[in-house]
Every structure is written in structure tokens, then in C-alpha cells.
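Hi everyone, thanks for making time for this. I'd like to walk you through one model, stop by stop, and you can follow along on the screen.

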Amino acid sequence: MYKFKLTDMKRFLSLLLFSAILGNLYSQDLKSIMLNSPDKTRGLPVMQALAKRASATVFTGEKLKLQDLSDLLWAANGINRPELKKRTAPSAMNAQDIDIYVFMAEGVYLYNAAANLLDPVVAGDQRLLVAGRQAEVANASVFLVMVSDISRFPGSDEAMKLSLAAMDAGLVSQNISLFCAGTGLSTRPRATMDNVKIKEILKLKDSQHLMLNNPVSYPQK
Ligand SMILES: Cc1cc2nc3c(=O)[nH]c(=O)nc-3n(C[C@H](O)[C@H](O)[C@H](O)COP(=O)(O)O)c2cc1C
């Protein structure tokens, strides 16, 4: 029978220590961000926000305050009727197929609407990938990237699912545009992005499709 030796124990402990250090280093890169409750009293009345809605061409890099980021995400696709688990944006057949990936200087997060937090996905500044061939927008402090998981739709008609996904993404994007218009932030809906590389770094499944992105920032002074 194999006897456990002291050297084995040492090896095991140093391996444990090594992986703990590595794990710690990695998690130090990116931690979950607890979001604030949405401030539902802020912003312009809806007609004034509509009057101001326009796609910005200039974006600034100043980090969004936590309240602004929290309110932005809630307006985009947060839960507004917790008793029904329903969202600020409608979705075909209530599939809730749109996930929002949040690209910031420190890394990429996934908006977890149910827990009202940002889950870390990948560390490092990946905003250039979202800017794609329009590098001039890359310094926007945050990009909200809408991904549809079409496996959340019932049935087997893939073309129909992709069409519904595009509509659902457009609705989330319009929520972002109206929130920004109503609160003085700059945004622009964009289809341009480096789809192949983003799919790779986010480790998306075949059923997950990149739809649209909105850079968001404070306006230039
Ligand atoms: C589905 C969609 C995709 C778009 N893609 C891009 C894009 O890749 N790059 C860009 O600069 N603007 C993009 N736009 C923004 C449009 O160019 C802009 O909405 C249009 O010029 C009208 O301007 P307005 O939004 O200020 O009314 C897109 C808009 C939509 C609705």
C-alpha cells in the first residue's frame, strides 16, 4: 500500500500555496462590483429626453461614477418589476435574451441584473476591440455590448431567432440612448466592433451573438 510521505505533504502544500497566490493575483485583477439601487427620480421628462436624443461623435475617458453606471445599466435592461422578474426593455416572448457586457479600462464585466452587480469576465482594457475600425471612440469610459443568447428562444427557426435578437438588442440600445439624453451623457448605437476577437475573449457559446454596442461617457467640456 502507498504510504503518504513528508515530501508528498510538502509538495502538496507548496502546490496549494502556489495556486492560492496565482488565484489571488488573478482575482486582484478584477473583482465583482456591487451596483447602487437605481435613482428613479433623476433625468429629464421623457419628451425633453426625446428632443435631445442624438448620436454623439466625441467620447471622453473620465470614469463614470458608480451611481451613473448603476442607473445606466438599470435603464438599459434592469429589473423594473421584481415580482414578475421583468425588465426595463421588452423582449420577444419574454426570452430576456440580451446580456450586457460592460467594457471598461480595467476589464470586462457581465451585468447581473438579478443581483444588481457586475460579474468579472476578463481583466485588461479591451475597449479597442469594441471600437473596431472606429478607433476614435476607443477612449469612451465604458462600452455596453449587447449579446443575444438565441438559445433562450423556443423553436428551431434560427433566422427568426436572429431577427428577434436584433429587435431586442435595438430596444435595449434605445433605452441607453434615452437614459443618456435625459441625464446629459453621450452615447451612440454602433454595430461596428471586432466580432471575432470579442467572441474569443468573452468565450461566447455558438448560440451567443454580438448585436450592438453603445459607448457611453460624460460629454466633452
Ligand atoms: C443599428 C445601428 C447601427 C449603427 N452602427 C453604427 C456604427 O457602427 N458606427 C457609427 O458610428 N454609428 C452607427 N450607428 C449610428 C447611426 O449612424 C446614427 O444613428 C445615424 O447617423 C443617425 O444619427 P442620430 O442617431 O444622431 O439621429 C448605428 C445606428 C444604428 C441604429
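**A walk around the model**

Let's begin with Lys63, which is exposed, its relative accessible area being 53%. One thing to keep in mind throughout is that this is a predicted model.

What does Lys63 pair with? Its partner in a salt bridge is Glu106, and the closest N and O atoms are 3.1 Å apart. Lys63 sits in the loop between helix 2 and helix 3 (66-77), while Glu106 is in the loop between strand 4 (98-104) and strand 5 (107-112), so the pair ties together parts that are 43 residues apart in sequence. Is Glu106 buried or exposed? Neither, really: Glu106 has a relative accessibility of 28%, so it counts as partly exposed.

As a general reminder, side chains of opposite charge can pair when their charged atoms come close. How many salt bridges does the model have? The count comes to nine.

Let me stay with salt bridges for another stop, at Arg152. The side chain of Arg152 meets that of Asp99 in a salt bridge, at 2.8 Å from N to O. This pair links distant parts of the chain: Arg152 is in the loop between strand 7 (142-149) and helix 5 (158-183), Asp99 is in strand 4, and they are 53 residues apart. Arg152 also forms a salt bridge with Asp149, this time at 3.9 Å, N to O.

Now look at the accessibilities around this group. Arg152 is partly exposed, with a relative accessible area of 33%. Asp99, by contrast, is buried at 14%, and Asp149 is buried too, with a relative accessibility of 3%. If you zoom out a little, you'll find that Asp99, Asp149, Arg152 and Lys205 are linked in a network of salt bridges.

Next stop, the ligand. Which residues surround the ligand? The shell is made up of Arg53, Ala54, Ser55, Gln134, Arg188, Pro189, Arg190, Ala191, Thr192 and Leu212. In terms of character, that shell divides into four nonpolar residues, three polar ones and three charged ones.

For those of you who like distances, here are some of the contacts. An oxygen atom of the ligand lies 2.8 Å from an N or O atom in the Arg53 side chain. On the backbone side, a polar backbone atom of Pro189 is 2.9 Å from a ligand nitrogen atom, and a polar backbone atom of Ala191 is 3.0 Å from a ligand nitrogen atom. As for coverage, the ligand exposes 620 Å² when taken alone, and the protein buries 51% of that.

Let's turn to helix 2, which spans residues 46-52 and holds Met47. Met47 is exposed, and its relative accessible area is 64%. Which residues make the nonpolar surface patch here? Val46, Met47 and Leu50 do, and the patch covers about 330 Å².

Helix 2 also offers a couple of long-range pairs along the chain. Met47 and Gly182 are 135 residues apart in sequence, yet their C-alpha atoms are 9.4 Å apart in space. Lys52 is found in helix 2 as well, and it is exposed, with a relative accessible area of 56%. The C-alpha atoms of Lys52 and Ala181 are separated by 5.6 Å, although the two residues are 129 residues apart along the chain.

Last stop, a bit of backbone geometry. Most residues other than glycine have a negative phi, and most peptide bonds are trans. With that in mind, have a look at Lys85, where phi is near 55 degrees, a positive value in a residue other than glycine. Where does Lys85 lie? You'll find it in the loop between strand 2 (79-81) and strand 3 (86-87). Lys85 counts as exposed because its relative accessibility is 63%, the cut-off for exposed being over 50%.

Gln96 is another residue with a positive phi, near 50 degrees, and it is not a glycine either. Gln96 belongs to the loop between strand 3 and strand 4.

That's my tour, and I'm happy to go back to any of the stops.

Terms used: Residues are numbered from 1 along each chain as its sequence is written. This is a predicted model: local features need pLDDT of at least 70, side-chain atom pairs count only at pLDDT 80 or more; totals for chains, interfaces and linings use all residues. Side-chain values use heavy atoms; hydrogens and water are left out. A residue is near a molecule or strand if one of its heavy atoms lies within 4 Å of it. A polar contact is a pair of N or O atoms within 3.5 Å; within protein, one must be able to donate a hydrogen and the other to accept it, and residues adjacent in sequence count only if both atoms are side-chain atoms. Accessible areas come from the Shrake-Rupley method with a 1.4 Å probe; for residues, only the protein chains shown count as cover. Ala, Val, Leu, Ile, Met, Phe, Trp, Tyr, Cys and Pro count as nonpolar, Asp, Glu, Lys and Arg as charged, and the others, Gly among them, as polar. Patches are made of residues with over 30% relative accessible area and no salt bridge: like charges are joined within 9 Å, nonpolar side chains (Val, Leu, Ile, Met, Phe, Trp, Tyr) within 5 Å. A salt bridge is a side-chain nitrogen of Lys or Arg within 4 Å of a carboxyl oxygen of Asp or Glu. Helices (H or I, at least four residues) and strands (E, at least two) are DSSP runs, numbered from the N terminus. Buried means under 20% relative accessible area, exposed over 50%, partly exposed in between (1.4 Å probe, protein chains only).
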